[in-house]
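Visitor: I have a model open here and some bench questions. Can you walk me through it?

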Amino acid sequence: MPEPSTSQADQLLFPQWLLTLDTQAPDQGLEPLEGQAVVLAGSQILDILPQTQARVAYPHLQPQILDQQLLLPGLHNLHGHAGMTLFRGMADDLPLMTWLEEHIWPAEGQHVSEAFVRDGTRLAIAEMLLNGTSCFSDMYFFPEVVAEVAEELGIRALICAPIIDFPNPWSANPDEALDKTRQLHQQLQDKPLIHLAFGPHAPYTVGDETLNKIRELNQKLGLKVQMHVHETAFEVEDAENHQGKRPLARLDELGLLDSNFQAVHLTQATAEEIQLLAQRGVQVIHCPQSNLKLASGFCPVEALRQAGVSLCLGTDGAASNNDLDLWAEMQTAALLAKAVHQDAAALPATAALQLATVEGGKALAQEAYTGQLRRGFAADLCSLKLDTPDCWPLHQISSQLVYGRMGDKVHHVWVTGQQRVTAGQLQGMDLKTLQDQAASWRQRLQDSFQSQDAKA
Ligand SMILES: [Zn+2]
């Protein structure tokens, strides 16, 4: 992206505190700054300088005073299934395979359509924008609909086209899914907010033939490849029993593990596998709340971090979480890492914050341009109002952000310089309509389960 020029400056933000997360700053942008201004020019950050100097340099701009607010990069939710928000709370307290085979897959078979995905994705985006998420990743059916809704609502997205060997609502077979992915790649060329990725579902639902085709196709396209990998011990044991090797070893033999590959969950990893991921530059997407809720296992976050593996965070779908709140995810990640590694210093608050911002930016593009507040980076920001008793006294902002309750403190959110949330209110989306749509889907889902029960 060409850097903006001073004459293009169009917004001046004066926060009380600023956390840039700028990896080029001496402290990696983790120390809150006071009295600083952020200057935006269209969709980018033009400058960060003292407020006194900003008033002189940009006299034509009226500053937006963010009183008692902390300004920081918008959060990145790198794994989810936005359409599944309509399944929120539908089948809780069940293990992964029972949950999938007896509840989620039958419900998807009966209900998932373009309309379902459109309404579920709108609901998910509303929730994510309201809690400060400026970028999300999605792996679900009808990715072209998800891309359209994300663009319309003005949120950045990494859309992982779902590739599965068996027939599903989007594709009759994997070749059709790959054709559609290729077409989508063409269609999304001029959509700066939308990035496309391959989304092969999991090693147990996608065979070698399809994975080879993805690798070959991706030699030309150079997209990210996101896949659920080593989600449970059962998945790994089953592969060892039936294929004689662990899924990661198989993916490596197929030549898929490289810096474009994103392994979601990874609750199972040997020391050798951790070294392999580091060598290949694979990124791991940690979804701690989903792993806890489905009793899937524990991702060895601290061991991965120590080995130099890039990690970022995802909520997974609302059906296995049940919210899309990255603040809560950071908190869970930091607390869980301490329990798993029996070390209170594991995944400190500053590192948890980086997973949801800086590292998320790396997951979106090889040359990151989001997740940090820095000249030339995207103007994707959020502000939190720290004016309630649970924030006082404010000794350490990063601790407060990770160990405090934060989702309800999000005040403003900008994506590409456009304000999408103003004083806690969504712009351009009507909550009553969203609520009515959700209630209507709830009724349809309940009715279908009751008629199934009656037949049984
Ligand atoms: Zn998932």
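**Salt bridges and the zinc site**

Guide: Start with Asp380, which is buried at a relative accessible area of 2%. Buried means under 20% relative accessible area, exposed over 50%, and partly exposed in between, with a 1.4 Å probe and protein chains only. This is a predicted model: local features need pLDDT of at least 70, side-chain atom pairs count only at pLDDT 80 or more, and totals for chains, interfaces and linings use all residues. Residues are numbered from 1 along each chain as its sequence is written, and side-chain values use heavy atoms, with hydrogens and water left out.

Visitor: Which residue forms a salt bridge with Asp380?

Guide: Arg156 does, with the closest N and O atoms 2.6 Å apart. A salt bridge here is a side-chain nitrogen of Lys or Arg within 4 Å of a carboxyl oxygen of Asp or Glu.

Visitor: Where do the two sit in the chain?

Guide: Asp380 is in the loop between α14 (358-364) and β14 (381-385), and Arg156 is in strand β8, 224 residues apart. Helices (H or I, at least four residues) and strands (E, at least two) are DSSP runs, numbered from the N terminus.

Visitor: And Arg156, buried or exposed?

Guide: Arg156 is buried, at 2% relative accessibility.

Visitor: How many salt bridges are there?

Guide: The count is 23. One pair is Asp179 and Arg182, at 3.0 Å, N to O. Both lie in helix α5, three residues apart, about one turn of the helix. Asp179 is partly exposed at 37%, and Arg182 is partly exposed at 39%.

Visitor: What about Lys245?

Guide: Lys245 pairs with Glu253, closest N and O atoms 2.9 Å apart. Glu253 is exposed, with a relative accessible area of 59%.

Visitor: New topic. Which protein residues are donors of the zinc ion?

Guide: His79 (NE2), His81 (NE2), His228 (NE2) and Asp316 (OD), lying 2.1 to 2.4 Å from the zinc ion. Donors are N, O and S atoms within 2.8 Å of the metal (3.2 Å for Na, K and Ca); water is not among the atoms, so sites may look incomplete.

Visitor: What does the pair of His81 and His228 tie together?

Guide: Parts that are 147 residues apart in sequence, because His81 lies in the loop between β6 (75-77) and α2 (96-111) and His228 in strand β10 (residues 224-229). His81 and His228 are buried.

Visitor: What spacing do the donors follow along the chain?

Guide: H-x1-H-x146-H-x87-D.
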